[in-house]
Amino acid sequence: MALPVVNNQDAIAWTDLHLSPVALDLGFFQLRWYSLAYLAGIFVGYWYLLKLVKQPGSPMARRHADDMVFYAALGIILGGRLGYVLFYNLAWYIQHPADILKLWDGGMSFHGGVIGTTLGILYLSWKEKLPWLRMHDYVACCVPFGLFFGRIANFVNHELWGAPAGSGVPWAIRFPEVIAGLTVLGPPRHPTQLYEAILEGAVLFAILAWMFWKTQARYEPGKLVGAFIFFYGCFRFGIEFVREPDAQLVEFARATHLHMGQWLSLPMILGGLYLMLTAKGRRVRVEPTAGSASVA
């Protein structure tokens with residue numbers, strides 16, 4: 001059953017917000033907010049990671065954190081792009097392989113970025129003989145920054161919008177859409193980019209920060225990364241109910257009764273729950289690589 005749509009005149013027009021996907025236009029070069037969001041997420045995450053590794057019992061030293069930024073950035077970009085290509089639009093990229101390199105046009109998969117970052121962490125932990133699961137715990141606490149900035153950039157880009165909104169959504173947004181070959185303001189929609197920025201960014205950061213600073217979670221390998229993927233999976237799964245599926249995946253959603261994002265989130269929810277429930281059994285005496293004390 002279709003949701004009742006609010007009066008168009010009662011909704012906020014995206015064009016009235018005077019936003020532009022381009023942050024700086026020099027004519028020969030354009031700097032987009034999408035690119036700045038990735039840079040901001042990486043650098044703010046790095047700053048926070050340095051604060052974490054200063055605490056007692058850290059699984060890595062400052063020099064490892066410096067290396068981690070490189071591997072995480074590489075994993076986010078390569079994994080995120082390849083994940084989008086494979087999970088969301090493979091048919092198009094098979095026919096247009098050169099477009100895979102056009103990162104400035106958007107199209108990144110968070111789930112692919114998680115896989116890429118995980119591979120980077122595994123390589124660094126193997127190379128430096130560090131505890132890979134505890135490294136995941138520390139990196140997971142930093143990821144919500146990138147999610148927050150990335151979702152804000154999605155809103156500025158007027159992409160990944162939500163489904164048509166009901167009459168009880170006064171904050172509904174009319175985004176520019178191509179209808180019958182013309183770019184017009186579409187129906188009022190849920191600004192799911194902002195929902196995700198709040199839940200996947202601010203709320204998820206608050207949960208992990210509380211666990212890290214106020215509990216013993218960082219001494220139970222897998223508990224923090226488990227909480228991250230569990231809560232992210234739950235937030236993403238729920239928001240997808242009011243998010244519009246990618247145009248090329250509309251039939252997939254109808255056939256399977258779930259969006260691609262929901263299918264990809266299910267193993268995250270189950271895996272995260274497992275890691276949290278079994279974390280206490282993995283606790284051992286933690287000797288610091290950095291920080292000031294061992295923790296029994």
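Me: A crossing is left-handed if the near helix is turned anticlockwise from the far one by less than a right angle, and right-handed if clockwise; which of the two applies to α5 and α8?

Reply: The crossing of α5 and α8 is left-handed. The model is predicted, with local features needing pLDDT of at least 70 and side-chain atom pairs counting only at pLDDT 80 or more, while totals for chains, interfaces and linings use all residues. Residues are numbered from 1 along each chain as its sequence is written, and side-chain values use heavy atoms, with hydrogens and water left out.

Me: Why are α5 and α8 called oblique to each other?

Reply: Helices (DSSP runs of H or I, at least four residues) and strands (E, at least two) are numbered from the N terminus. The axes of α5 (residues 132-140) and α8 (residues 223-239) come within 7 Å and cross at roughly 50°, where axes are lines fitted to C-alpha atoms, for helices over the stretch in contact, and angles run from 0 to 180 degrees between N-to-C directions. Angles under 35 degrees count as roughly parallel, 65 to 115 as roughly perpendicular, over 145 as roughly antiparallel and the rest as oblique, and α5 and α8 are therefore oblique.

Me: What makes the contact between α5 and α8?

Reply: With contact meaning heavy atoms within 4.5 Å, Leu133, His136, Asp137 and Ala140 of α5 meet Lys223, Leu224, Val225 and Phe228 of α8. This contact has five nonpolar, one polar and two charged residues, given that Ala, Val, Leu, Ile, Met, Phe, Trp, Tyr, Cys and Pro count as nonpolar, Asp, Glu, Lys and Arg as charged, and the others, Gly among them, as polar.

Me: How do you know that Cys142 and Cys234 are too far from the closest cysteine sulfur for a bond?

Reply: A disulfide is a pair of cysteine sulfur atoms within 2.5 Å. The closest cysteine sulfur, in Cys141, is 6.4 Å from the sulfur of Cys142 and 17 Å from that of Cys234, so both are too far for a bond. The count comes to zero disulfides.

Me: Why is Ala209 called buried and His257 exposed?

Reply: Buried means under 20% relative accessible area, exposed over 50%, and partly exposed in between (1.4 Å probe, protein chains only). Ala209, in α7 (residues 192-214), is at 13% and therefore counts as buried, whereas His257, in the loop between α9 (250-256) and α10 (260-278), has 67% and is therefore exposed.

Technical notes: Left-handed = near helix turned anticlockwise from the far one by under 90°.
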